[in-house]
Amino acid sequence: MFNQLGLIGCGLMGGSFALALKKAGLVRRVVGYSKSPSTVEKARRLGVIDVAAESALLAVSGSDIVIIAVPVAATEGTFKSIRHLVNPGVLFMDVGSTKRDVVDAARRVLKERLPSFVPAHPIAGREVAGIEHADAQLYQGRKVILTPLQQTDPILVQKATDVWAAVGCQVLKMSPENHDAAFAAVSHLPHLIAFAYINAMQQQPAGKEFLSLAGPGFRDFTRIAASDPTIWRDILLSNREEILKQSEAFRASLEAMERQMRDWNGETLQQQIQSASQARSQWTLNTPAPSGKSSGSR
């Protein structure tokens with residue numbers, strides 16, 4: 001049981017974490033802060049937080065667990081604003097979708113206080129943002145990746161593991177570098193492709209007519225294109241090196257299939273489709289991570 005959760009960033013991810021802790025009976029009260037006073041007030045009215053803080057530092061004051069749920073580009077500024085209250089024994093976590101930039105910011109700012117920070121990335125979310133969409137069930141049955149450093153306090157790593165497990169997550173550990181390489185492939189590139197595809201569609205003269213004919217396949221393929229623009233701008237820029245590597249691999253695969261189409265090579269084209277179909281059929285959402293990959297050492 002935690003006495004107080006300091007919530008920095010009253011949005012979907014942070015709000016859902018607060019509600020999940022409350023539902024599990026793991027926290028006595030939640031003190032929340034966001035840049036927008038109206039957002040903080042809405043969070044209080046919805047029962048996501050119990051007390052509104054006027055600054056990130058005041059949200060941290062008196063807390064024994066802190067969740068930083070701000071856009072990744074704002075993480076370093078947040079560290080600077082709370083640094084003086086990053087005390088030993090207090091669990092600090094983030095929920096950012098990239099980890100190397102977050103860890104680098106923590107090293108620059110927190111310095112000797114770095115052991116209190118356990119970087120985290122819960123693999124959960126929705127296309128809609130905002131505190132009004134916060135859901136205590138958001139993390140149920142999902143994975144969360146922890147990327148602790150050599151300096152991270154092992155007691156706090158265990159606390160982080162326990163609290164995420166208590167809200168329904170499967171907890172895995174990776175290095176920040178392996179995390180960013182993996183999620184460039186399975187999350188960041190698919191978003192980039194979805195954004196580019198929708199833009200290409202709507203820029204065509206007959207784009208609106210084409211869209212009017214779209215069905216369930218289009219809906220499923222493009223769902224993530226409705227994601228929050230600010231969040232995804234930051235993710236695509238912060239992990240650009242790994243995403244560009246994946247984009248090159250995707251482009252090579254696409255060009256290979258285009259080549260078979262141009263050459264009217266149906267046999268090879270079918271083999272390429274069959275390979276993709278089999279791989280997708282064998283995949284399930286909660287497939288355990290291979291040993292030494294997502295659960296590897298720090």
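**View 1. Strand 2 meets strand 3 at one end of the sheet.** Strand 2 (residues 27-33) runs parallel to strand 3, and two bridges join them. Look for V31, which stands opposite V51 in strand 3. This is a predicted model, so to speak of local features we need pLDDT of at least 70, and side-chain atom pairs count only at pLDDT 80 or more, while totals for chains, interfaces and linings use all residues. Residues are numbered from 1 along each chain as its sequence is written, and side-chain values use heavy atoms, with hydrogens and water left out. Strands here are DSSP runs (E, at least two residues), as helices are (H or I, at least four residues), both numbered from the N terminus. Two strands count as paired if DSSP finds at least two bridges between them.

**View 2. The open sheet, strand by strand.** Which order do the six strands take? Read across, they go 3-2-1-4-5-6, with parallel pairing. Strand 3 (51-52) and strand 6 (117-118) are the edge strands, each pairing on one side only.

**View 3. Strand 1 beside strand 4.** Four bridges hold strand 1 (residues 2-8) to strand 4, and the two run parallel. One pair to find is I8 and its bridge partner in strand 4, I68.

**View 4. Strand 4 and its buried side chains.** In a regular strand the side chains alternate between the two faces of the sheet. Here I65 and I67 point one way from strand 4, V66 and I68 point the other way, and all are buried. Buried means under 20% relative accessible area, exposed means over 50%, and partly exposed is in between, using a 1.4 Å probe and protein chains only.

**View 5. Strand 5, covered on both faces.** Strand 4 (residues 65-68) pairs with strand 5 in the parallel sense, over four bridges. V66 has F92 of strand 5 as its bridge partner. On strand 5 (residues 91-94), L91 and M93 sit on one side, F92 and D94 on the other, and all are buried.

**View 6. Stepping back to the whole protein.** Twelve helices and nine strands make up the count for this protein. Its C-alpha trace spans about 70 × 40 × 35 Å along the principal axes. Of the 298 residues, 42% are buried. Among contacts (heavy atoms within 4.5 Å) between residues at least 6 apart in sequence, 77% join residues at least 24 apart.
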